[in-house]
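Work through the exercises below in order. Each task is followed by a solution in steps.

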Amino acid sequence: MHISLNINGSDYPVAASPTSTLMTALRQLGYFSVRFGSDDGTTGAAAVLVDGKLVNSDTLLVGQAIGKPIETVEGFTQAVGELHPIQKAFIETGAIQSGYSTPAMMLAAKALLAQNPNPTESDIRDALSGILCRETGYVKPVEAIFRAAAYLRGEELPPYDGPQIVDATYFAEMPPADDPDKTPDFSGGQAPGGNLQPSVSTKPQTDIQLTSGIPETAVVGKPETKVDAVKLAKGNPAFVDDIDMRGMLYAKLLTSPHAHARIVDIDDSEATGLPGVRAVIHYKNVERVKYASGGQSYPNPPPHDQVSFDNKVRYVGDRVAAVAADTLAIAEEAIKRIKVEYEILPAVFDENEAIKPGAPVIHDEPDTQDIHDAKRNIVHHIKAHLGNVEQGFTESDYVFERNYYVHQVQQAPIEPHIAISWWDSDERLVIRTSTQVPFHVRRMVAPLLGLPVRRIRVIKPRIGGGFGVKQEMLLEDIVGHLTIKTGRPVRLELTRSEEFRSSRTRHPQTITWKTGVMKDGTLHSQKFSVVANTGAYGTHGLTVQTVTGLRGLSSYNCPNRQFDCVVAYTNLPVPGAYRGYGAPQALFGLETHMDEIAHELGMDPIEFRRKNWVQAGDPLSIAPLLGEGEKETVTAVPFIESCGLNECFAQGMQAIEWQRKYEPGWHEVPGKPHLRRGLGAAMCMHGTAIPGLDMGGASIKMNDDGSFNVLVGATDLGTGSDTVLAQMAAEVLGVPLADILMYSSDTDMTPFDVGAYASSTTYISGTAVKRAAEQVADQIRERAALMLELDAWDDIRLENKMAVAANGRSVTLEAIALHSLHQADQRQIMASASYVSAASPPPFAGQFAEVEVDMETGQVTVTKLVMAVDAGVPINPLTASGQVEGGMTQALGYGHCEEMAYDETGNLVNDEFGPYHIYRADEMPWLKAILVQTNEPTGPFGAKAIAEIPKDGVAPALANAIFDATGVRIRQIPFTPPRVYAALHPS
């Protein structure tokens with residue numbers, strides 16, 4: 001049926017049923033800014049304006065929109081290069097990360113500002129409340145709308161200069177934190193985020209790496225707008241699904257309704273007989289090839305306990321079969337017609353129960369190797385120790401032992417997993433996929449499909465959020481099998497329910513900390529014991545838990561340390577990589593434990609931490625024992641070369657107004673006797689890349705006009721890595737950012753890179769880009785010397801798109817490019833480089849939280865979050881602060897409200913947003929991100945990692961704030977009202 005829709009002021013015929021969703025019709029017409037996040041409108045990613053009002057096009061029917069004006073972001077401007085004030089403001093403020101939900105946010109802004117040209121922050125947050133964002137923390141979108149409102153009112157605005165950076169050159173005197181009359185000496189009256197004046201240090205000067213060696217820069221360290229910001233702000237095609245292909249087939253998965261069962265038989269005859277069905281695949285017609293799905297370096301850590309389709313299912317949501325059909329509706333009907341006969345088996349969901357004698361054996365297949373003890377469901381047993389912990393406990397004046405529990409949550413990117421595959425004209429298989437690890441995917445999928453690597457090309461376009469869940473080879477083998485079977489393009493996208501059930505999650509852990517302490521508060525012995533739940537398969541089971549041990553036992557100095565971790569199979573959906581990668585689990589237990597010990601010793605918790613935390617010059621002695629799984633990636637004890645912890649805590653305490661907690665009556669809320677207030681803190685330490693293993697490559701070539709193409713395998717997830725890498729190249733080459741053209745993440749066209757994980761891109765890929773740029777810069781200098789008839793070129797500077805000799809003579813880069821390509825001694829100015837590091841310099845942070853607790857209901861309201869982060873030199877303060885704000889928001893959900901809930905059969909009961917609650921714009925606490933600048937000598941331009949550390953400290957800071965408010969310790973997250981109420985009112 002042909003229907004006419006009025007879109008952005010013009011009428012368009014569309015071949016759609018009145019009962020089709022408006023989103024489907026709009027995307028069919030090429031309005032790719034309208035994006036799928038869920039079928040029920042809860043994400044808001046498909047929002048459009050109808051009659052000037054924001055509506056969800058994934059729930060609105062075409063028939064409901066006939067005759068009404070429909071607006072999408074594509075209608076904001078018509079001319080190439082032109083921007084609407086709202087688009088301009090979102091770009092300038094860094095409000096765009098992945099950009100997946102940005103068009104919906106901009107439409108919400110347009111609707112708001114049309115009615116209210118001078119909105120309050122509350123008005124803006126209410127307008128954004130129907131659009132979920134997993135990336136920004138909503139801070140910068142709110143700033144963008146304020147700025148857009150000013151533009152639309154005709155106001156002249158100064159350039160947006162981004163966040164302030166605190167220079168850790170000086171050492172703030174840190175008085176006792178429990179002295180309300182004495183706070184750190186911030187002479188000069190700087191607001192939080194301002195520079196400190198020098199004062200006396202209470203620790204040796206090795207505490208902080210001085211920043212005086214950081215040179216002045218033109219592009220690096222500046223809040224440049226993202227290189228992909230314009231296309232994301234305008235809703236241009238950028239994501240996996242933003243292409244049209246002739247003859248596309250649509251795939252659907254059939255997944256298990258049982259937590260543990262054998263498949264006795266599959267009858268697909270009724271499905272294959274359905275008109276429009278082109279293929280059905282399952283264990284009977286797909287070769288059994290063992291693999292591990294985690295996107296990790298070769299060889300993948302064991303065990304290889306998966307196959308594309310098995311004759312046994314091990315959790316609700318496990319693969320059973322897949323269908324490819326002419327339409328999605330036909331594929332969905334075909335799935336219903338596949339008849340599966342199951343033999344239901346006993347199931348076990350708790351990691352502690354799974355390893356007990358007599359528990360159901362989850363992996364009893366004979367062809368899986370390297371399971372530690374399959375009969376006891378023990379995938380791995382990880383051990384490491386320094387010194388003698390038992391002797392250390394004997395020698396300690398006090399010994400404290402506590403148990404903690406961390407739960408299962410989902411990464412919940414707004415863009416679900418999606419992959420499209422097809423044969424190209426050379427009969428090579430192309431897979432366009434939302435992945436963090438395109439090169440790993442190509443290597444891993446090849447044996448499953450029976451193709452050599454050279455016949456596979458993997459393309460990663462923009463990604464609508466990753467957070468680790470896309471560090472997995474999850475859908476690519478399915479679409480590959482179906483394309484091979486049908487010869488046609490195949491598209492497979494998970495629904496929101498499938499994303500929760502059938503992708504990946506965070507590992508739950510049962511944690512025990514036992515710590516021996518001397519009378520003066522010095523740590524003497526620590527034993528860290530973990531039973532980890534890896535669900536039905538062992539992907540990332542070894543490495544996540546290894547990182548748990550490393551982070552837990554590296555943060556504080558202690559002569560005797562031991563890690564003992566059992567990793568257990570269960571019949572839960574599979575955990576995998578998630579931002580923080582084992583550190584949030586470790587630090588929830590550790591930082592709550594440290595707070596408990598301090599209180600029991602009668603010491604101030606921050607002073608107790610400071611007495612024991614690591615600093616510059618300290619060794620990370622346990623690191624060689626807890627490398628990347630079974631790979632010996634760290635061969636010598638590394639030493640910390642930069643650390644801004646003192647400054648992080650000084651700044652964070654000032655921003656949160658820490659001294660209030662010592663004021664009489666502050667914990668009570670005036671006029672609300674049922675409420676109690678509290679403040680809590682946590683120390684965080686993370687890592688930067690996997691030493692000795694993570695590698696990234698880059699190549700750079702010069703164009704005729706003096707611009708440069710930079711090709712990297714690094715994967716930008718919305719983090720701004722393309723921008724950061726471009727800034728480094730621009731700095732070395734002496735050009736503005738606009739002269740750097742970035743190409744990334746195509747296994748045919750770009751150099752190898754391990755991908756986006758382990759906080760490695762800025763450090764590893766950045767160093768590769770810097771080295772390649774330095775080689776190109778030398779070639780430019782050599783050519784400039786030839787053109788200027790100079791004998792030497794070492795002292796030629798590259799700046800302002802010029803090569804400038806010491807005598808003041810100069811030549812433009814455009815002239816150099818034309819000369820090298822066309823005029824004399826022709827050659828292409830180009831270079832490539834790669835980098836792998838033996839170092840993994842840790843970033844540090846102080847995390848602070850303020851809460852209000854309802855003593856009658858157990859409701860915890862988080863009112864403030866502050867994080868001060870030492871990530872070395874922020875290459876781009878705008879994107880760096882956005883990472884901190886977004887990471888804190890995800891961490892807030894982890895500690896406060898997000899939780900995967902199951903019934904007694906292992907069925908996930910909250911497999912949609914709403915029941916699985918993530919924070920909305922109008923629910924957010926006040927957020928503050930502070931960048932503490934140190935100079936990391938091993939990093940490019942002094943940089944360290946920043947992307948993952950914001951996930952580490954919120955949960956323990958909340959736990960400690962709740963204790964400060966109520967006097968009650970809660971050692972299990974999340975802090976939901978029933979859990980908190982039960983702790984406040986024990987029966």
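**Exercise 1. A three-stranded sheet**

Find the residue that stands opposite Ala261 in strand 12, then place the strands in their sheet.

Step 1. Ala261 faces Ile344 in strand 12. Strands here are DSSP runs of E with at least two residues, helices are runs of H or I with at least four residues, and both are numbered from the N terminus.

Step 2. Strand 8 (residues 261–267) pairs with strand 12 in the antiparallel sense, over 6 bridges. Two strands pair if DSSP finds at least two bridges between them.

Step 3. The open sheet has 3 strands in the order 10-8-12, with antiparallel pairing. Strand 10 (312–313) and strand 12 (339–344) stand at the edges with a single partner strand each, so one side of each has no neighbour in the sheet.

A note on the source: this is a predicted model, in which local features need pLDDT of at least 70 and side-chain atom pairs count only at pLDDT 80 or more, while totals for chains, interfaces and linings use all residues. Residues are numbered from 1 along each chain as its sequence is written, and side-chain values use heavy atoms, with hydrogens and water left out.

**Exercise 2. The whole chain**

State how many helices and strands the protein chain has, and whether its radius of gyration fits the globule rule.

Step 1. The chain holds 24 helices and 33 strands.

Step 2. Its radius of gyration is 28 Å, close to the 30 Å that the globule rule gives for 987 residues, so the chain is as compact as a globular protein of that length. The radius is taken over C-alpha atoms, and the rule is 2.2 Å times the number of residues to the power 0.38.

Step 3. Of the 987 residues, 63% count as buried. Buried means under 20% relative accessible area, exposed over 50%, and partly exposed in between (1.4 Å probe, protein chains only).

**Exercise 3. Strand 15 and its partners**

Which strands does strand 15 run antiparallel to?

Step 1. Strand 18 (residues 490–493) is joined to strand 15 by 4 bridges. Ala419 stands opposite Leu492 there.

Step 2. Strand 16 (residues 429–433) is joined to strand 15 by 5 bridges. Ser421 has Ile431 as its bridge partner.

Step 3. The hairpin of strands 15 and 16 has 5 residues between the strands, and Glu427 takes a positive phi near 60 degrees in it.

Step 4. In strand 15 (residues 418–423), 5 of the 6 residues are buried, so it is largely enclosed by the rest of the structure.

**Exercise 4. Two positive phi values**

Decide for Ser745 and Glu789: buried or exposed?

Step 1. Ser745 has phi near 65 degrees, a positive value in a residue other than glycine. Its loop lies between strand 26 (740–744) and helix 20 (761–788). Ser745 is buried, at 0% relative accessibility.

Step 2. Glu789 has a positive phi of about 60 degrees and is not a glycine. It sits in the loop between helix 20 and strand 27 (797–799). Glu789 is exposed, with a relative accessible area of 72%.

**Exercise 5. Cis peptide bonds**

Locate Pro303 and Pro974, and describe the peptide bond that leads to each.

Step 1. Pro302 and Pro303 are joined by a cis peptide bond, with omega about 0 degrees. Pro303 is in the loop between strand 9 (277–282) and strand 10.

Step 2. The bond from Ile973 to Pro974 is cis too, with omega near 0 degrees. Pro974 lies in the loop between helix 23 and helix 24 (977–984).
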